[in-house]
Amino acid sequence: VSPSATIVSGNTLSATGAAVVHGAIANQGTIIGPSGFRAYQVFEDKVTGTGATSGHVKYNGGHNPGAATAGGLPGAPVTPSYHVTVGDGDLALGDRNTLQLDVGGYVRGISYDGVDVTGEIWLDGTREIQRADGFMPDRSFTYHLFDAGSFFGQFSAFNLPSLFGGFACDTSEVNSVGRRSVISAGPAPIPEIDFPRVGAAIAL
């Protein structure tokens with residue numbers, strides 16, 4: 001697709017074997033990737049939208065759950081549209097990918113983003129948290145960002161906006177939360193962030 005396209009509600013973008021898609025995608029329908037071992041439908045440009053996925057899908061060019069349009073002008077103001085991306089299969093995040101999750105409240109899928117997959121999730125690239133203007137999360141609240149059958153790999157970078165000033169990363173629950181990856185408020189200083197192969201938790 002070039003330079004962008006929308007998968008409208010009720011429609012699908014399917015691949016029965018390994019495939020590469022160029023061009024930004026607004027997914028309001030369903031992306032169906034292949035089911036073969038380690039065969040993926042790979043997206044080289046940003047994928048947004050409230051649609052679902054199934055099969056094996058890989059994001060290389062960025063993913064933002066809930067954002068309603070593909071592309072956009074750099075620096076333009078954005079009003080987040082929150083969503084939990086649901087995948088029936090495996091999801092891989094490439095080393096060039098930036099996964100942007102928006103936080104603007106305390107209700108998952110209503111005021112902050114998440115990603116759920118029934119199979120494996122392979123972590124790589126950058127995880128970026130964007131906070132809605134005027135919102136300051138409570139230090140006692142835990143954000144459930146991911147759920148997957150199993151976790152592999154780790155993010156190479158983690159970006160928090162300056163608006164999270166005074167908040168820090170805390171990985172003390174990393175081995176106790178099972179399949180979930182969460183963030184929650186916590187005191188400084190900021191320790192090194194590490195994501196194990198199964199499960200992950202970080203705190204702000």
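**Exercise 1. Low-confidence stretches**

Find where pLDDT stays under 50, and state how many contacts beyond four places in sequence the model has there.

*Solution.*
- Step 1. Start with residues 171-180: pLDDT stays under 50 over this stretch, and the model has 28 contacts for it beyond four places in sequence.
- Step 2. Go on to residues 187-204. Here too pLDDT stays under 50, with 74 contacts beyond four places in sequence.
- Step 3. Set this against the whole chain. This is a predicted model, and its mean pLDDT is 76. A score of at least 70 is reached by 69% of the residues.
- Step 4. Look at the elements. Strand 19 (residues 200-201) has the lowest mean pLDDT, 42, and strand 6 the highest, 97.

**Exercise 2. The chain as a whole**

Describe the protein chain by its secondary structure, burial, contacts and surface.

*Solution.*
- Step 1. Count the elements: 0 helices and 19 strands.
- Step 2. Check burial. Of the 204 residues, 50% count as buried.
- Step 3. Take the contacts with a separation of 6 or more. Residues 24 or more positions apart account for 57% of them.
- Step 4. Turn to the surface. About 9,300 Å² is exposed, and carbon and sulfur atoms supply 53% of that area.

**Exercise 3. Gln 100 and its strand**

Place Gln 100 in its strand, decide whether it is buried or exposed, and list what it touches.

*Solution.*
- Step 1. Locate the residue. Gln 100 sits in strand 11, which covers residues 98-103.
- Step 2. Apply the cut-off. Buried means under 20% relative accessible area. Gln 100 has 16%, so it is buried.
- Step 3. Widen the view to the strand. In strand 11, 5 of the 6 residues are buried, so the rest of the structure largely encloses it.
- Step 4. Find the polar partner. The side chains of Gln 100 and Asp 102 make a polar contact of 2.9 Å.
- Step 5. List the other neighbours, leaving out residues up to four places away in sequence. Gln 100 touches Lys 46, His 63, Asn 64, Pro 65, Asp 113, Glu 128 and Gln 130.
- Step 6. Add the strand pairing. Strand 11 and strand 14 (residues 126-131) run in the parallel sense over 6 bridges. Leu 101 has Ile 129 of strand 14 as its bridge partner.

**Exercise 4. Aromatic pairs**

How many aromatic pairs does the structure hold? Classify the pair of Trp 122 and Phe 152 and the pair of Phe 146 and Phe 155.

*Solution.*
- Step 1. The structure holds 3 aromatic pairs.
- Step 2. Take Trp 122 and Phe 152. Their ring centres are 4.6 Å apart and their planes meet at 15°, so this pair is stacked.
- Step 3. Ask what the pair connects. Trp 122 lies in strand 13 (residues 120-123) and Phe 152 in strand 16 (residues 150-153), so the pair ties together parts 30 residues apart in sequence.
- Step 4. Compare exposure. Trp 122 is partly exposed at 27% relative accessibility, whereas Phe 152 is buried at 16%.
- Step 5. Take Phe 146 and Phe 155. Their centres are 6.2 Å apart and their planes at 45°, so this pair is tilted.
- Step 6. Check burial again. Phe 146 is buried, with a relative accessible area of 1%. Phe 155 is buried as well, at 6%.

**Exercise 5. Three loop residues**

Work out the setting of Gly 29, Gly 61 and Arg 38.

*Solution.*
- Step 1. Gly 29 is in the loop between strand 4 (24-27) and strand 5. With a relative accessible area of 8%, Gly 29 is buried.
- Step 2. List the contacts of Gly 29 outside four places in sequence: Ile 7, Val 8, Ser 9, Gly 10, Asn 11, Gly 51 and Ala 52. Thr 53 is 24 residues away from Gly 29 in sequence, with 8.6 Å between the C-alpha atoms.
- Step 3. Gly 61 belongs to the loop between strand 8 (52-59) and strand 9 (63-65). Its relative accessible area is 29%, so Gly 61 is partly exposed.
- Step 4. Beyond four places in sequence, Gly 61 touches Phe 43, Glu 44, Asp 45, Lys 46 and Asn 97. The C-alpha atoms of Gly 61 and Arg 96 are 6.5 Å apart, across 35 residues of chain.
- Step 5. Arg 38 is in the loop between strand 5 (30-32) and strand 6 (41-43). Arg 38 is partly exposed, with a relative accessible area of 38%.
- Step 6. Check the backbone. Arg 38 is not a glycine, yet its phi is positive, about 60°.

How values were computed: Residues numbered from 1 in each chain as written. Predicted model: local features only at pLDDT ≥ 70, side-chain atom pairs only at ≥ 80, totals over all residues. Heavy atoms only, no water. Helix = DSSP H or I, 4+ residues; strand = E, 2+ residues; numbered from the N terminus. Buried < 20%, exposed > 50% of the residue type's maximum accessible area, 1.4 Å probe, protein only. Contact = heavy atoms within 4.5 Å. Areas by Shrake-Rupley, 256 points an atom, 1.4 Å probe, with all protein chains shown as cover. pLDDT = per-residue confidence, 0-100. Polar contact = N/O pair within 3.5 Å; in protein donor to acceptor, adjacent residues only side chain to side chain. Pairing = 2+ DSSP bridges. Phe/Tyr/Trp six-rings, centres within 6.5 Å; stacked < 30°, edge-to-face > 60°.
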